[in-house]
Amino acid sequence: MKIEYDRLDESFFKRCSGILLHISSLPSPYGIGTLGEKAYDFVDFLELSGQRLWQILPINPTGFGDSPYQSFSLYAGNPYLIDLEKLIELGLLDRSFVESFDLGNDIENVDYYLMYKNKLSILKTAYEKNIAKKIVDIDRFLMLNSHWAIDYAEFMALKNKLNGAARSSWPIEYKRREKNQMDYFRKCYEFEINFHIFMQAVFYEQYFKLKEYANSKGIKIVGDIPIYAADDSCDIWISPKYFQLDEDLNKKFVGGCPPDAFSKTGQLWGNPTYDWKNLEADNFDWWIRRLRHSGFLYDIIRIDHFRGFESFWQVANSEETAENGEWIKAPGYELFEKIENELPHLEIIAEDLGFMTKEVIDFRKHTGYPGMKVLQFAWDRNSESDILPHNIDYNWTVYTGTHDNDTTLGFFESAPKSVRDYAIDYLKLTKDEGYTWGFIRACWATNAKYAIAPMQDFLVLDSSARMNEPSTLGNWTWRAKEEAFTDKLAKKIKDMTILYSRY
């Protein structure tokens, strides 16, 4: 499976670059970035700036903590991202009706409570009108997506019936999907179930039109997928045998990270770990289906926590911290051989950050997938960091920072003096250029296949624009101002991109 570079033509080695900006962070008059006009404008900005990659976060419905990594489904789209303007154009909504709802007045932050309270109410009205007008073709959508969409719609309708309760606290007959109980539920809640199918039909139509537009401009969508399913998800409800659950279908073990320099007690994610024996016994079909669908959604798939396919940190659900866990081997070699055989067309980036061992490094090399280097982690004078630009070879994706990092300006403002001095000395950073732009320059200048920076860094924003601080709540809200995407900025990005032969 390992790539033999000497047998590939020169086009394979074309270096390119891109921008990390989640759809929710786009400007919009309705409280959150959507799949509407401003998304198309951003694609035009990417084209103007010479970029070939648009990296986004998971587009699934946000669950606990409003996190796209704790989703109710690994397949469904987030209805908050639906463009209301398009529904107005289709005659499914009246503008005055939409504007009568409060979706938030903060142009720089999303209010997820208002999305839940009001945007879903607006979409329900659109669905009611569609019942009569039949503008959105739900049957056509189900022809391609019934293998996941009906289960998801039933899960969400049942969750609403139970006042939003998490799956783990549902009555056991619902957790086990007992036939008589579910048949009765489907009969009584047909409207609610079909409403969720309608929202998915709208989302998918809008998303693929946007993706088609981006692809027509030569821009690939880099989509992020989490390694684990959320405990409160349709995925675990439908396929409990593939997860470490007890006889009441509650989680026995959860994933996370052991204690390290960033967290004295480690990270406890709360996601049930996989039952790899059952997954392997079924020829990894669950993963094949998931990655086939992801390849349908994205041009490049970035798999979060890739090291977890070699071995993963498992902690008993009764523990309050991640300290008392253990490393468990996973059948990563077997899984990705199967993926290569079944889905050879997939283009994958391996998010291999975190605690690395020789075994993990060898595993990533065996797959041939480009790993990740984050420039903010490079500056330790006491060791020869493999993240320093002169040590980064072709098969990598290099970032100034990711959605989990502080902005580069925030990093410089809070980093120890020794770290700042080393970065300034090594990269020859100047105040005239700006430290943030010096970091972007360093990424673009590397030999790495992909170079990506968050939009916040191109805008030189401080820590207030940070997207996520791991192990905390109140994240994922940042939005860009409409005036941020100027022709002047696009030219500056393009000039740098041409200078370092990424165009």
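## Cavities

A search of the whole structure, which is a predicted model, finds four cavities of 30 Å³ or more. The largest cavity holds about 140 Å³ of space. Its lining comprises 19 residues, and those closest to the centre are Leu-20, His-403, Pro-454, Gln-456 and Met-467. By residue class, the lining of the largest cavity divides into 10 polar, six nonpolar and three charged residues.

Such spaces are found by a simple procedure. Rolling a probe the size of a water molecule over the atoms shows where empty space is left.

## The eight-stranded parallel sheet

Strands of a sheet pair through backbone hydrogen bonds, either parallel or antiparallel. Eight strands here form an open sheet with parallel pairing, in the order S9-S6-S3-S2-S1-S12-S11-S10. Its edge strands are S9 (348-350) and S10 (371-374), each of which pairs on one side only. From one strand to the next, the twist averages 25°.

At the S10 edge, the partner is strand S11 (residues 396-399); the two strands run parallel and are joined by four bridges. Within this pair, Met-372 stands opposite Thr-397 in S11. Elsewhere, helix H1 (residues 37-48) lies across strand S1 (16-20) and strand S2 (53-56), and H1 runs at about 135° to S2.

## The four-stranded antiparallel sheet

A further open sheet has four strands in the order S5-S4-S7-S8, and its pairing is antiparallel. Strand S5 (267-272) and S8 stand at the edges with a single partner strand each, so one side of each is left without a neighbour in the sheet. Direction ignored, neighbouring strands of this sheet are turned by 50° against each other on average.

Strand S7 (residues 311-316) has partners on both sides. Strand S4 (residues 253-257) pairs with S7 in the antiparallel sense over four bridges, and S7 is also joined by four bridges to strand S8 (residues 326-329), again running antiparallel. Two positions of S4 can be matched to S7: Gly-256 has Trp-313 as its bridge partner, and Gly-255 stands opposite Gln-314. On the S8 side, Trp-313 stands opposite Trp-327. Trp-313 thus has a partner in S4, namely Gly-256, and another in S8, namely Trp-327. Five of the six residues of S7 are buried, so this strand is largely enclosed by the rest of the structure.

## Helix H16 and the contacts of Thr-497

Helix H16 (residues 435-445) is mostly covered, with nine of its 11 residues buried. The buried residues of H16 are Thr-436, Trp-437, Gly-438, Phe-439, Ile-440, Arg-441, Ala-442, Cys-443 and Trp-444.

One of these, Trp-444, is in contact with Thr-497, a residue of helix H18. The C-alpha atoms of Thr-497 and Trp-444 are 6.9 Å apart in space, although the two residues are 53 residues apart in sequence. Leaving aside residues up to four places away in sequence, Thr-497 also touches Ser-17, Ser-49, Gly-50, Gln-51, Arg-502 and Tyr-503. Thr-497 has 0% relative accessibility and therefore counts as buried, the cut-off being under 20%.

## Positive phi outside glycine

Most residues other than glycine have a negative phi, and most peptide bonds are trans. Against that background, two residues of this model can be noted. Arg-177 is not a glycine, yet has a positive phi of about 55°. Trp-476 likewise has a positive phi, near 70°, and is a residue other than glycine.

Both residues are placed in loops. Arg-177 sits in the loop between helix H6 (172-175) and helix H7 (179-188), while Trp-476 sits in the loop between helix H17 (455-458) and helix H18 (487-499). Their accessibility falls into separate classes: Arg-177, at 28% relative accessibility, counts as partly exposed, whereas Trp-476, with a relative accessible area of 6%, is buried.

How values were computed:
Residues are numbered from 1 along each chain as its sequence is written. This is a predicted model: local features need pLDDT of at least 70, side-chain atom pairs count only at pLDDT 80 or more; totals for chains, interfaces and linings use all residues. Side-chain values use heavy atoms; hydrogens and water are left out. On a 1 Å grid over the protein atoms alone, a cavity is a set of points where a 1.4 Å probe fits but cannot get out, and a pocket is an open set with protein on both sides within 12 Å along at least five of seven lines; lining residues have an atom within 4 Å of a point. Grid points are joined across faces, edges and corners, and a volume is the space filled by probe spheres set on the points. Ala, Val, Leu, Ile, Met, Phe, Trp, Tyr, Cys and Pro count as nonpolar, Asp, Glu, Lys and Arg as charged, and the others, Gly among them, as polar. Buried means under 20% relative accessible area, exposed over 50%, partly exposed in between (1.4 Å probe, protein chains only). Two strands pair if DSSP finds at least two bridges between them. Axes are lines fitted to C-alpha atoms, for helices over the stretch in contact, and angles run from 0 to 180 degrees between N-to-C directions. Contact means heavy atoms within 4.5 Å.
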